Amino acid sequence: AHVGARLAEAGVAVTRFDFGESAEGYSYSSCLSARVEGRLPDTLLVAVPLNHPADAVPGSSGDVNVALALELLRRSSERVPAVSLVVLFLGAEYGDGGGYPMGSELFLRDFQPAERVAVLYLALRHGASPVLVRASGRGAGSPGWLVARTTAALAGSGVPYRISAGEIAVDRLGLGDRPTIVEPWLRAGIPAVALEDSGDASAALSPDAAPSLEGFLERFLALSAEGLEDEWDNHYLPITLGGRTLVAGEAVWVSVVAGLLALALLFSLVFARGLKKYLRALARTGWVLLPLLGLAVAALVAATFGLEALHALRAFPTLWTWRPGTFLAAKLAAAALLAFAVAIPLTRLGISRHASLLSAASLLLLLVDVLVVLAIDVSLTFPFLWAFSWVFLASRARTRAGKFLLFFPSALPIIAGFVAALSAPSLPLARFLLSSTVIAACAT
């Protein structure tokens, strides 16, 4: 009633819809839709929940979202925006059960836009900084252009923010296990991002938070002066440095991969002696790689069975969910010990006589990793491409110390990726890593 009265005072036309004929479920709540026509038919939807999570406390019930939406409507009714604006005040967005967010599902049931649309979902509790940019849901991700425009508007209005590249990648691969507030919109094929409280221990409520967030909405509309976009690039990686985010899309990563591989090939052709040495090593003793790879996979399988035996012994099959990172580290350590224990006698197969074989094998396996990941998601090639580049440089060093110094950084992004992915947290991803042997290539 309060929202409807405020909109009536501002002279904004309102459409009310409720759950009376909803097939998804019933709620006594209702929803409001207010539209302001812009110069372009493209439509920005600003979604605001009218209720709040059950664990909300006074001062963090999300009233800031309603206040921001009402102020946006007031300003837009006084000055025609570039794109048309629809503000949705949605009831029954939070609750227990699988039907939520019910308000979003109710609106999407009959929503079939003929023009380009995008959704900004204001899901803040109190607006403390930094805010979290939520750009993904289980099996779906927001398009890169919307992430770039949202982060640019936040930075331009002075709002500190945080965005998790690891979380976006995990969700995009379908390995996330937590529903997000924008998930129904993304699954309906509508570009959407949400602003949420980050939950950081250092988050603080600034007296300038509301004006800054109002400035963010104005800035977003200003950046949309030429309209919204219909491109949906899912193969991107947001890189945040100095409070600004660069959204490196598919074209960027394809160019980087092609450029670095072309440089490595050109270098090898110009200085062909090293290339010929590696090819001779692979031709003479390359067959040794098969038993070594088999040994690595067998060690990982044995370590996996060992962890499962531990769970069975403790009669606690979900024990790993409490510390997935610790269990993954234990699995890799156990597999490495087993592999080394068995590999020592295999040095008689000729590995020690051809030291260049290990360098050639590392480059070959990392090149295969890059090509395989490139086929899955080009934006995820970065850690493998990084490793390939450093191992390639290490292979050109003339001293053992130089080789070690150049080889050491190669695995850092892969390790950091595992840490970031496991800290998301994503139990499906952790289960995938703990119960499978797909990390054999990385461990090798």
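Is Glu78 buried or exposed? Glu78 is exposed, with a relative accessible area of 59%; here buried means under 20% relative accessible area, exposed over 50%, and partly exposed in between (1.4 Å probe, protein chains only). The structure is a predicted model, in which local features need pLDDT of at least 70 and side-chain atom pairs count only at pLDDT 80 or more, while totals for chains, interfaces and linings use all residues. Residues are numbered from 1 along each chain as its sequence is written, and side-chain values use heavy atoms, with hydrogens and water left out.

The side chain of Glu78 meets that of Arg74 in a salt bridge (3.1 Å, N to O). The term denotes a side-chain nitrogen of Lys or Arg within 4 Å of a carboxyl oxygen of Asp or Glu. Because Glu78 and Arg74 are 4 residues apart in helix H2, about one helical turn separates them. Helices (H or I, at least four residues) and strands (E, at least two) are DSSP runs, numbered from the N terminus. Arg74 counts as partly exposed, at 33% relative accessibility.

A second contact of this kind involves Glu218 and Arg75, whose closest N and O atoms are 3.8 Å apart. Glu218 lies in helix H7 and Arg75 in helix H2, so the pair ties together parts that are 143 residues apart in sequence. Arg75 is partly exposed, at 24% relative accessibility. Both pairs belong to a network of salt bridges that links Glu71, Arg74, Arg75, Glu78, Arg79, Glu214 and Glu218. The structure holds 16 salt bridges. Another of them joins the side chains of Asp110 and Arg109 (3.2 Å, N to O). Asp110 is exposed, with a relative accessible area of 59%, and Arg109 is partly exposed at 35%.

Attention now turns to enclosed space. Rolling a probe the size of a water molecule over the atoms shows where empty space is left. A cavity is a set of points, on a 1 Å grid over the protein atoms alone, where a 1.4 Å probe fits but cannot get out, and lining residues have an atom within 4 Å of a point. Grid points are joined across faces, edges and corners, and a volume is the space filled by probe spheres set on the points. By this rule there are 2 cavities of 30 Å³ or more.

The second largest cavity, with a volume of about 30 Å³, involves several residues of the salt-bridge network. Its lining consists of Leu68, Glu71, Leu72, Arg75, Glu214, Leu217 and Glu218. Helix H2 (63–78) and helix H7 (209–223) are the elements that give two or more residues to this lining, and H2 has the largest share, 4 residues. By class, the lining of the second largest cavity divides into 3 nonpolar, no polar and 4 charged residues. In this scheme Ala, Val, Leu, Ile, Met, Phe, Trp, Tyr, Cys and Pro are nonpolar, Asp, Glu, Lys and Arg are charged, and the others, Gly among them, are polar.

The largest cavity contains about 40 Å³ of space. Leu132, Val133, Arg134, Ala135, Ser136, Ile163, Ser164, Glu167 and Ile168 line it. Strand E6 (131–134) and helix H5 (165–172) each supply at least two residues of this lining, with E6 giving the most, 3 residues. The lining of the largest cavity has 5 nonpolar, 2 polar and 2 charged residues.

Helix H5 is mostly covered, 6 of its 8 residues being buried. These are Glu167, Ile168, Ala169, Val170, Asp171 and Arg172. Just after H5, Gly174 takes a positive phi of about 80°. From Ile163, one of the residues lining the largest cavity, the C-alpha atom of Ile239 is separated by 9.0 Å, although the two residues are 76 apart along the chain. Ile239 is in strand E11 (residues 237–241) and is partly exposed, with a relative accessible area of 31%.

The final feature is a nonpolar surface patch of about 690 Å², made by Val252, Val256, Leu260, Leu263, Leu266, Phe267, Val270 and Phe271. Patches are made of residues with over 30% relative accessible area and no salt bridge: like charges are joined within 9 Å, and nonpolar side chains (Val, Leu, Ile, Met, Phe, Trp, Tyr) within 5 Å. Accessible areas come from the Shrake-Rupley method with a 1.4 Å probe, and for residues only the protein chains shown count as cover. Val252 is in helix H8 (residues 250–270) and counts as partly exposed at 42% relative accessibility.

Methods
1 Å grid on protein atoms, 1.4 Å probe; cavity = no way out; pocket = protein on both sides within 12 Å on 5 of 7 lines; lining within 4 Å.
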